[in-house]
Amino acid sequence: MRREEKLQRFDVLRVDTNGIRSLFDRVGPRFYTRFFALTGYRSSLKYFWREHFARMALREGAKILDSGIGTGFLTVSLLRESPIPLTVAGVDFSRGMLAGLGRNLAEYGGENRVTIQLGDMRKLPFSDGSFDFVMTSEAMEYLPDVREGISECVRVLRPAGRLLFIATKNSPMGKLVAATWKNKVLDPDSVRSFMIEAGISRVETLRFPWYFKHVDATIMALLGVQDPAKCLSDQATQPSNFC
Ligand SMILES: C[S@@+](CC[C@H](N)C(=O)[O-])C[C@H]1O[C@@H](n2cnc3c(N)ncnc32)[C@H](O)[C@@H]1O
């Protein structure tokens, strides 16, 4: 399928941002936790980090952002699996989900390691280049235009910082999850192109372990590096605050 056609498919999917926020406020924290615990996504993250942690190039004191942190599946599993102590900043626009995050952190004992801000992934409340590592999971597929979310991640990432993008992919399993959670499914090749256009290079696909094949069939995980060369060439042609 040609790229223009793929883009068109994104456009026809209407996203009602207020409706999404109220869905997560109302049913999110409890139903979401149960649903993704049942599908195995929650437990798969533990093994995902074990397999791929080294690729994230995280050091003690690294500045980490979870965009669309929700109840914190990704963050909590990272904090638990990391061999070094880490802290994470999280942004989400649903008070309900953030309340659920508070409960999850209290249960795990990670309250002092996560700072939370109410905010929109399309307008992150941070200045350019604030983070060494930006991650997002199962959240960007709620944006009317995923490119807005990706460029915000790139804006707040320092040169040579890493971006981990996890989202529901366009597959039969992905569509099943999307029907329940009113999200879009994204095409991995299109997302890869959007990441590259936004200034990310060396984009690689990370797989979930083979014993979580159904998770792999539902979800894409792409990792890339903020490309300082791309940022410098952008700055030469137009004044940019991205680098
Ligand atoms: C399916 S949950 C995923 C939560 C978390 N990342 C995880 O993997 O457990 C999607 C989250 O994205 C948040 N979200 C959706 N659109 C958003 C936006 N425009 N700005 C901030 N958060 C948003 C929702 O409130 C919800 O918490």
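**Close-up views of a predicted model**

**View 1. Surroundings of T87.** T87 is partly exposed because 16 other C-beta atoms lie within 10 Å; a residue counts as buried with 20 or more such atoms within 10 Å of its own C-beta atom, as exposed with 12 or fewer, and as partly exposed in between, with C-beta atoms placed from the backbone. This is a predicted model, in which local features need pLDDT of at least 70 and side-chain atom pairs count only at pLDDT 80 or more, while totals for chains, interfaces and linings use all residues. Residues are numbered from 1 along each chain as its sequence is written. T87 lies in the loop between α5 and β2 (88–92); helices (H or I, at least four residues) and strands (E, at least two) are DSSP runs numbered from the N terminus. Between T87 and E60, the C-alpha to C-alpha distance is 8.8 Å, although 27 residues separate them in sequence.

**View 2. The open sheet.** The order β3-β2-β1-β4-β5-β7-β6 describes an open sheet of 7 strands with mixed pairing; two strands pair if DSSP finds at least two bridges between them. At its edges, β3 (114–118) and β6 (200–205) each pair on one side only.

**View 3. Strands β4 and β5.** Strand β4 (residues 131–137) pairs with strand β5 (residues 157–168) in the parallel sense over 6 bridges. F131 has L157 in β5 as its bridge partner.

**View 4. The ligand shell.** Around the ligand stand 21 residues, the closest being G70, F73, S94, S137 and A139; a residue is near a molecule if its C-beta atom, placed from the backbone, lies within 6 Å of it. Helices α2 (17–26) and α5 (73–81) each supply at least two residues of this shell.
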